[in-house]
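Subject: Handover of a structure for your review

Dear colleague,

Please find below the structure I am passing on to you. My notes on its side-chain interactions follow it.

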Amino acid sequence: MHPLDQKSPINYRSFQTSPHAYIKHIELYARERSLHSGKKLHAHLITTGLAHLTNFAAKLIALYTECGELSHARKLFDKIPATNIHRWIGLIGAYARCGFYQEALGVFREMQGQGLRPNKFVIPSILKACGHVSDRKSGEKIHGVVLKCSFEYDAFVNSALIDMYSKCGQVEKAQRVLDGMVEKDLVALNAMVSGYAQHGFAKEALDLVEKMQALGVKPNVVTWNTLIAGFSQKGDQVMVSELFSLMHSNGVEPDVVSWTSIISGFVQNFRNDEAFATFRELLHHGFYPTSATISSILAACATAANVKCGKEIHGYALVIGVEDDIFVRSALVDMYSKCGFIADARNLFYQMSEKSTVTWNSMIFGYANHGYCNEAIELFNWMEKEEGKKPDHLTFTAVLTACSHAGMVEFGQSMFHLMQEKYGIVPRLEHYACVVDLLGRAGKLVEAYDMIKGMPVEPDLFVWGALLGACRNHGNVDLAEVAAKHLSELEPNSVGNNLLLSSLYADAGSWGSVARLKRMTKKRKLRKFPGCSWIEAG
């Protein structure tokens, strides 16, 4: 039960002449995700006759959406007259704020079906949803509506357009929106800087900030932190240090987000020792780590399979009171799973009252990668039944991995189709690699090769590597040569694929081919990298 729900009952009669007090309580319960208290207040509002008023209903819709109770939110929505534009703004806005982006787009389509024209209050929420699901096509249609209705002069709409195009990978279009703004403000600047940083254009982001400064737009701590994140992701520590100096010279002090961005950048570049050192430096400077900081450093522990350090961070999270945070809990599940401590991961997972898609994915991956394939699939089935939880592309990568390890060919193929038909997820290279591996392990090499030939995208080294490995296991020399040829084009300096093919030739007794491959390897001066492993001692 939520702490707010454990407190003594609130006497709502004292608020009967103050609707504003009711609104404040609904907002508090939504913020704290206190469902039980929210339901009690809702019941009281029904008895007073206030619940049917649009402003109360909109707040209650937001409350139920925050608590993941989408069916309750929808029931309230359906009770408001369809022609009332505020009901559409309320539900779409709540869905978009809480991360239910597909649901937000679905309600928007309903709104259009009713013949209602979107206004400038609902458009930013829809653009946010389009950006998060990378639905550029719908985003461009909304841009057309913006131009048709002359909303392009609204700062919030423009910032949402910049954010949508950036998230969809259309950075140039985002820049064009910014260029077209008569009055460029800090919100739009930050949206554009974030777009550049997300796509690895850190230098362009810095150039833009300098141009905007010349126009009189002063960057704030959000701007600087976004730049720090961009250069940290590129591994450019010299520039990060310079940005810290620039922040000071512009009268802006680095905060905990600044340090967290550096830690996150180190983790993304697999520089885990430096991530740990920066975490210690953050503490030395007297900053109080946030849940984002703890989640980032736990990711370093997971990558390094350093469970000792992970347990220390877990203990620290308990001490500072962030262990129950959904992002921290998800990072803990991921850390324990990747370190092979499945029982610890499972216990944490089942203790969580609220789970994000990331949490589910971490546990499913943990099961799949450690041989608990039936448990992985059972967990996926449970996830599908959970209200408000929709599998994403990573969920299906985890499930297909489990199917491959367990040899569940038909079920794996059905999952591959379900992903596309039910959830509208376009298969990525990792999904194709999983299915090729699934078919290859089962000896269906021709079927695996046919799938590769039918791929709408160019196969990568993981796809061809899965086929080559399967050919080695099942002794198919002809297809192995095809896979090895493609791999040599993708990895011209790798000797590993040639060694695998050579081993296959040897098993088939084709010693002439073995000698030919060795000569070619020697001629190209390819060297075998000696195997190595390490273990964390202590």
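In these notes, a residue is called buried under 20% relative accessible area, exposed over 50%, and partly exposed in between. D207, at 28% relative accessibility, is therefore partly exposed. Please note that this is a predicted model.

Salt bridges

D207 meets the side chain of K203 in a salt bridge, with an N to O distance of 3.3 Å. Both residues belong to helix α13 (residues 202-214), where they are four residues apart, about one turn of the helix. K203 has a relative accessibility of 53% and so counts as exposed, the cut-off being over 50%.

The count of salt bridges comes to 15. Another of them joins the side chains of E110 and R74, at 2.8 Å from N to O. This pair links distant parts of the chain, since E110 lies in helix α7 (residues 101-113) and R74 in helix α5 (residues 70-79), 36 residues apart. Both partners are partly exposed: E110 has 34% relative accessibility, and R74 has 24%. R74 and E110 also belong to a network of salt bridges together with D78.

A further salt bridge is formed by the side chains of K173 and E140, at 2.6 Å from N to O. Here too, distant parts of the chain are linked: K173 is in helix α11 (residues 171-180), E140 is in helix α9 (residues 136-148), and 33 residues separate them. The relative accessible area is 25% for K173, which is partly exposed, and 26% for E140, which is likewise partly exposed.

Nonpolar core

The largest nonpolar core contains 162 residues. Which of its residues touch the most other members? They are L45, I92, I123, I162, I294 and M335. When neighbours within four places in sequence are left aside, M335 is in contact with L298, C301, A302, V307, G310 and K311.

Aromatic rings

A pair of aromatic rings is described by the distance of the centres and the angle of the planes. The structure holds 17 aromatic pairs. One of these is formed by F349 and Y350, which are edge-to-face, with 5.3 Å from centre to centre and 90 degrees between the planes. F349 is buried, with a relative accessible area of 0%, whereas Y350, at 45% relative accessibility, is partly exposed. The pair of Y449 and W464 is tilted, because the planes stand at 50 degrees, with the ring centres 6.4 Å apart. Y449 in helix α27 (residues 445-453) and W464 in helix α28 (residues 461-474) are 15 residues apart, and the pair links distant parts of the chain. W464 has 5% relative accessibility and counts as buried.

F349 and Y350 also form one aromatic cluster with W360 and W382. In addition, K355 lies over the face of F349, at 5.1 Å from the ring centre. A second arrangement of this kind involves R87, which lies over the face of W88 at 4.5 Å from the ring centre.

For your own inspection, F349 may serve as a starting point: the residue is buried, pairs edge-to-face with Y350, and has K355 over its ring face.

Yours sincerely

Note on methods
Residues numbered from 1 in each chain as written. Predicted model: local features only at pLDDT ≥ 70, side-chain atom pairs only at ≥ 80, totals over all residues. Heavy atoms only, no water. Salt bridge = Lys/Arg side-chain N within 4 Å of Asp/Glu carboxyl O. Helix = DSSP H or I, 4+ residues; strand = E, 2+ residues; numbered from the N terminus. Buried < 20%, exposed > 50% of the residue type's maximum accessible area, 1.4 Å probe, protein only. Core = buried A, V, L, I, M, F, W, Y, C linked by side-chain atoms within 4.5 Å. Contact = heavy atoms within 4.5 Å. Phe/Tyr/Trp six-rings, centres within 6.5 Å; stacked < 30°, edge-to-face > 60°. Lys NZ or Arg CZ within 6 Å of the ring centre and 35° of its normal.
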